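Hi,

Here is the structure I promised to pass on to you. Please have a look at it first, and then read my notes below.

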Amino acid sequence: MPVDHFAGAVAARYDDDSAEMSDPAVVGPAVDLLAELAGDRSALELGIGTGRIALPLQARGVRVHGIDLSPDMVARLRAKPGGEQIPVTVGDFACTSVGRTFGLVYLVFNTIMNLTTQNEQVACFQNAARHLAPGGRFVVEVGVPDLQRLPPGETVRPFTVSATRLGLDEYDVATQRLTSHHYAVEAGRVSARSIPFRYVWPAELDLMARLAGMVPVSRWAGWDRRPFTGDSRTHVSVWQRPA
Ligand SMILES: C[S@@+](CC[C@H](N)C(=O)[O-])C[C@H]1O[C@@H](n2cnc3c(N)ncnc32)[C@H](O)[C@@H]1O
């Protein structure tokens, strides 16, 4: 099983730290699109976490199942109203089977990048495809690698700078590794943690989908379905298992 980077204090702080991403203005369009894609079929969330998306999606009438490797994140989901109604399989979403198929499998908030090798990301697409009923859709929300915004010759880019928080992304173009360094000041003490990722380009994801027997359906710059262009910083991509 991969390392659980969300254990303990990270899980305890997750909802506060990602409050912006839990804003109804962010969650609403995501849930609208996912509910539309699921239709009357059920959905599987890979990396369900504390239920930021799964809970409102289930409240919209879509039956949701989750996979997550972090027992502490799943405990936070369980403690929320409606959380007990969402079955979660604890395991690695690159290879864990829940033993049934769905109309929709989705993986949001850059979580594909938590798989730090190409092999694991390819395996994840294959696992997603195995969980799709014929005609079912796989949705990934992930950032576009920010390499063109790095100052010339530099490998580090800040993503959060405030009086109490500093976040730095460190890129290694030779390995496609990205390490996010988080520094926080709390009660006069500085804490630091670094999380490893593998950044991945949209075209590489299309190839992974093709290897898994899926075909491209849509690519937008966000959940509001605005067009994906050369300036887009994120994308929401949809592939389909042929009917
Ligand atoms: C950034 S959080 C996203 C949680 C939730 N999807 C959301 O949008 O708020 C990533 C989640 O994926 C889980 N995760 C990361 N790598 C995983 C893996 N290989 N298998 C299963 N879960 C994983 C983490 O434990 C964490 O709960």
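To start with the part you will probably turn to first: how many residues surround the ligand, and which are the closest? There are 20 of them, and the closest are Gly47, Gly49, Arg52, Ser70 and Asn114. By type, the shell around the ligand consists of twelve nonpolar, five polar and three charged residues. Please keep in mind that this is a predicted model.

Now the overall layout. The protein chain falls into two domains: domain 1 takes in 9-144 + 200-240, and domain 2 covers 147-195. Between the C-alpha centres of domain 1 and domain 2 there are 24 Å.

Next, some strand pairings. Strand β5 (residues 132-143) runs parallel to strand β4 (residues 102-107), and five bridges join the two. Together with helix α5 (residues 118-130), β4 and β5 make up a β-α-β unit, and this unit is right-handed. Strand β5 is also joined to strand β11 (residues 234-240), this time by seven bridges and in an antiparallel arrangement. Val139 is a handy residue to click on here: Tyr106 stands opposite Val139 in β5, and Val139 in turn stands opposite Val238 in β11.

As a general reminder, strands of a sheet pair through backbone hydrogen bonds, either parallel or antiparallel.

There is also an open sheet of four strands, with the order β6-β7-β8-β9 and antiparallel pairing. Which strands stand at its edges? They are β6 (156-161) and β9 (189-198); each has a single partner strand, so one side of each is left without a neighbour in the sheet. On average, neighbouring strands of this sheet are turned by 20° against each other, direction ignored. The partner of β6 is strand β7 (residues 165-172), which runs antiparallel to β6 and is joined to β6 by five bridges. If you want to find this pairing on screen, look for Thr160, whose bridge partner in β7 is Gly167.

One last residue, in case you like a small puzzle: is Ala25 buried or exposed? Ala25 belongs to helix α2 (residues 24-38). Its C-beta has 8 others within 10 Å, and because a residue with 12 or fewer counts as exposed, Ala25 is exposed. Ala25 and Ser218 are 193 residues apart in sequence, and their C-alpha atoms are 22 Å apart in space.

Happy browsing, and do write back with any questions.

Best wishes

Terms used:
Residues numbered from 1 in each chain as written. Predicted model: local features only at pLDDT ≥ 70, side-chain atom pairs only at ≥ 80, totals over all residues. Domains from an automatic or database assignment. Near = placed C-beta within 6 Å. Nonpolar A, V, L, I, M, F, W, Y, C, P; charged D, E, K, R; others polar. Buried ≥ 20, exposed ≤ 12 C-beta atoms within 10 Å, placed from the backbone. Pairing = 2+ DSSP bridges. Right-handed = clockwise from strand over helix to strand, strands pointing away. Axes fitted to C-alpha atoms, helices over the stretch in contact; angles between N-to-C directions.
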